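Biologist: Could you put the model up, please? I'd like to go through it piece by piece.

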Amino acid sequence: MSTTPFVHLTVLLTEAVDALAIRPDGTYVDCTFGRGGHSRLILSRLGPQGRLIAFDKDPEAIAVATRLAEEDPRFQIVHNGFEALGQELDRLGVPQVDGVLMDLGVSSPQIDDGRRGFSFRFDAPLDMRMDTTRGITAAEWLATADEADIREVIKTYGEERFARKIAAAIVAQRADAPLQTTRELAVLVGQNVRTREPGQDPATRTFQAIRIFVNRELDELKAVLPQAARRLAENGRLAVISFHSLEDRIVKQYLRDASSEEKLPAWAMVRASDMAQPPMSTVGKPVRAGDEEVRANARSRSAIMRVAERTAAPWREIDA
């Protein structure tokens, strides 16, 4: 295994922090610390009274964040998934915040560290957990799940049209010996995917699907969006960076619902001027990485950021 340090290139670094419209004395949340690129830039724009609270599940990210917290008293790290945002802010005595940033997906060090099992480019234990201290591994799930469940996960989260063949092959293989490594899974998938888009490995969609399922990524996203929006102070900003269509669809739908007037029954006779205003307002158009960033970091190509701002209207519950 190479000893070269893993480099993390933060996607939409300046654009995301600019989108938060940082107030020097404000309180902000970075829901996905990663290796701290966004967090460090936020801290550079905060004054002495500012505060930043970051979340992460990855023990290696927590180690980096702990060192930062020791250096900067304005910063706190929470070893938990952002699904627990409201609960953790209550624990810290923080009723409202001025901005929330979410950079979804897997960080470069997680992908490039073959030991984590996120990538088919390495032969490693089939783990795929963001938090290696809890939960079942991909190998454990594939060894016990029903064929129908495996098929549904690969089809739904990977949008894989060969999901049926792949699931059947996984179940047939484990009758002899359960899959234990990323290479074993990648080879098996490659044998059951007839065609693939140019430049894309046959295993790409299956690996994405299993990773999303093992880490409950879409469930956590649906859970956190209402919590984050509810906690924003007036004019507070929510910025979310997504990396695939399943994530972006959830974010887009939630922000659209939160920034739209409440739907009333057809029989309700209410003048437009008397309608309750929505609690959120979208800000600008979706932001994508520019050509220069994509050249420097190919993984930024699929990134899309959506931004919304809390209005003065009373909060109303909106499900993601």
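Modeller: Start with helix 11 and helix 12, which are roughly parallel to each other (angles under 35 degrees count as roughly parallel, over 145 as roughly antiparallel, 65 to 115 as roughly perpendicular and the rest as oblique). Their axes cross at roughly 25 degrees and come within 10 Å, with helix 11 covering residues 217-231 and helix 12 residues 245-258.

Biologist: Before we go on, what am I looking at?

Modeller: This is a predicted model, in which local features need pLDDT of at least 70 and side-chain atom pairs count only at pLDDT 80 or more, while totals for chains, interfaces and linings use all residues. Residues are numbered from 1 along each chain as its sequence is written, and side-chain values use heavy atoms, with hydrogens and water left out.

Biologist: And is the crossing of helix 11 and helix 12 left-handed or right-handed?

Modeller: Right-handed; that is, the near helix is turned clockwise from the far one by less than a right angle, whereas anticlockwise would be left-handed.

Biologist: Which residues make the contact?

Modeller: Helix 11 brings E217, L218, L221, K222, L225, P226 and A229, and helix 12 brings L246, E247, I250, V251 and Y254. Contact means heavy atoms within 4.5 Å.

Biologist: How many of those are nonpolar, polar and charged?

Modeller: In the contact of helix 11 with helix 12, 9 are nonpolar, 3 are charged and none is polar. Ala, Val, Leu, Ile, Met, Phe, Trp, Tyr, Cys and Pro count as nonpolar, Asp, Glu, Lys and Arg as charged, and the others, Gly among them, as polar.

Biologist: At what angle do helix 7 and helix 10 pack?

Modeller: About 100 degrees, with the axes 8 Å apart, so helix 7 and helix 10 are roughly perpendicular. V153, I154, Y157 and G158 of helix 7 meet R205, T206, Q208, A209, I212 and F213 of helix 10. By class, that contact has 6 nonpolar, 3 polar and 1 charged residues.

Biologist: New topic. How many aromatic pairs are in the whole structure?

Modeller: A search finds 2. Rings of Phe, Tyr and Trp (its six-membered ring) pair if their centres lie within 6.5 Å; planes under 30 degrees apart count as stacked, over 60 as edge-to-face and the rest as tilted. One pair is F33 with F75, which is tilted because the planes stand at 40 degrees, with the centres 5.7 Å apart.

Biologist: Where do F33 and F75 sit?

Modeller: F33 is in the loop between strand 1 (27-30) and helix 2 (37-45), F75 is in strand 3 (residues 75-79), and they are 42 residues apart. F33 counts as buried, at 3% relative accessibility, and F75 is buried with a relative accessible area of 3%. Buried means under 20%, exposed over 50% and partly exposed in between, with a 1.4 Å probe and protein chains only.

Biologist: What about W141 and F213?

Modeller: They form a tilted pair, 4.5 Å centre to centre and with 40 degrees between the planes. W141 lies in helix 6 (residues 138-144) and F213 in helix 10 (residues 204-214), so the pair ties together parts 72 residues apart in sequence. W141 is buried at 7%, whereas F213 is partly exposed at 30%.

Biologist: How far is R256 from A308?

Modeller: Their C-alpha atoms are separated by 9.5 Å, although the two are 52 residues apart along the chain. R256 is in helix 12 and is partly exposed, with a relative accessible area of 47%.

Biologist: And how many helices and strands are in the protein chain?

Modeller: 13 helices and 8 strands, taken as DSSP runs numbered from the N terminus (helices are H or I, at least four residues; strands are E, at least two). Of the 320 residues, 51% count as buried.

Definitions and conventions:
Axes fitted to C-alpha atoms, helices over the stretch in contact; angles between N-to-C directions.
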